[in-house]
Amino acid sequence: MANADAAADGNGGGGDDDATRVDHLMDGLRAFGANYTEFTRRFATWLGLHSTDAAALVEILYAEDQGTPLSPARLSERVSLSSGATAILLKRLEQAGHIVRTRESTDRRVVTLRSSPDIRPRAEAFFGPYAERMAEAMSAYSPQEIQRFEDFIGRLRSTMDALLADEYRDGGPAV
């Protein structure tokens, strides 16, 4: 916001262009985040789920796709719910036939969350056009540019993770 003010009042010489670019980039990131949230909301509506349940299901599907299935505790972190609320959410998803809980670890106390065989084709049908369009959009950039984007997004993500873990751990900025 301060960058927009500096750009608007003409102070800072060449810095105004940089401040404006940063503001435009932040606007784009916010809009992309809002669009992704809207995709998840529409996925929820399409499946007849609450948006939080759909967000959890998306996290479970994504983790499986990455080869790192989630535990209930990790899902709880990903969707910012208490362990009790996550347990209730998982019960709903399991009763709806969207997920299964398995014990794949040698430590039989560890629960792994998996999508059910019935939900994966539906999720692929819903998110297929999204994945195709995103791949098409990214194909316009070189591998080196994509690497720079990855680095940039990684740095933004670690900054946000640190803010949430430190200054905002109690729900708002530390004062």
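This is a short walk through one chain, from its overall layout down to a few single residues.

Okay, hi everyone. One thing up front: what you see is a predicted model. So please keep that in mind as we go.

Let's start with the whole chain. It has 7 helices and 2 strands. If you read from the N terminus, the order goes α-α-α-α-α-β-β-α-α. In other words, five helices come before the two strands, and two more helices follow them.

How is the chain spread out in space? Its C-alpha atoms fill a box of roughly 60 × 45 × 35 Å along the principal axes. The radius of gyration is 20 Å, whereas a compact globule of 175 residues would come out near 16 Å. As for burial, 22% of the 175 residues count as buried. The chain exposes about 12100 Å², and carbon and sulfur atoms supply 56% of that.

Now contacts. Take the contacts with a separation of 6 or more: 43% of them are between residues 24 or more positions apart. And on charge, there are 20 positive and 27 negative side chains, with the centres of the two sets 9 Å apart.

Right, let's zoom in on helix 4, residues 72-79. Which of its residues are buried? Those are L75, S76 and V79. Looking down the axis of helix 4, these buried residues fall within an arc of 105 degrees, so they line one face of the helix. Turn to the face pointing away from that buried side, and you find the exposed residues A73 and E77. So what sits over the buried residues of helix 4? The cover includes helix 3 (51-65), helix 5 and strand 2 (112-115).

Just after helix 4 comes a residue I'd like you to click on, S80. S80 sits in the loop that leads from helix 4 to helix 5 (83-95). Its phi is positive, about 55 degrees, although S80 is not a glycine. Is S80 buried or exposed? With 66% relative accessibility, S80 counts as exposed, because the cut-off for exposed is over 50%.

For contrast, go to strand 1, residues 99-102, and pick I99. I99 has a relative accessibility of 1%, so I99 counts as buried, the cut-off for that being under 20%. What is around it? Setting aside neighbours within four places in sequence, I99 is in contact with L57, I60, L90, L93, E94, L113, R114, S115 and S116. Among these, L57 and I60 fall in the range of helix 3 (51-65), while L113 falls in that of strand 2 (112-115). Also have a look at D118: I99 and D118 are 19 residues apart in sequence, and their C-alpha atoms are 9.1 Å apart in space.

Last stop, helix 2, which covers residues 15-47 and holds T37. At 53% relative accessibility, T37 counts as exposed. Where does A55 come in? T37 and A55 are 18 residues apart along the chain, and 8.6 Å separates their C-alpha atoms.

So, to recap the single residues: S80 is exposed, I99 is buried, and T37 is exposed. That's my tour, thanks for listening.

Technical notes: Residues are numbered from 1 along each chain as its sequence is written. This is a predicted model: local features need pLDDT of at least 70, side-chain atom pairs count only at pLDDT 80 or more; totals for chains, interfaces and linings use all residues. Side-chain values use heavy atoms; hydrogens and water are left out. Helices (H or I, at least four residues) and strands (E, at least two) are DSSP runs, numbered from the N terminus. The radius of gyration is taken over C-alpha atoms; the globule rule is 2.2 Å times the number of residues to the power 0.38. Buried means under 20% relative accessible area, exposed over 50%, partly exposed in between (1.4 Å probe, protein chains only). Contact means heavy atoms within 4.5 Å. Accessible areas come from the Shrake-Rupley method with a 1.4 Å probe; for residues, only the protein chains shown count as cover. Lys and Arg count as positive and Asp and Glu as negative; His and the chain ends are not counted. The place of a charge is taken as NZ of Lys, CZ of Arg, CG of Asp or CD of Glu. The arc is that of the directions from the helix axis to the C-beta atoms.
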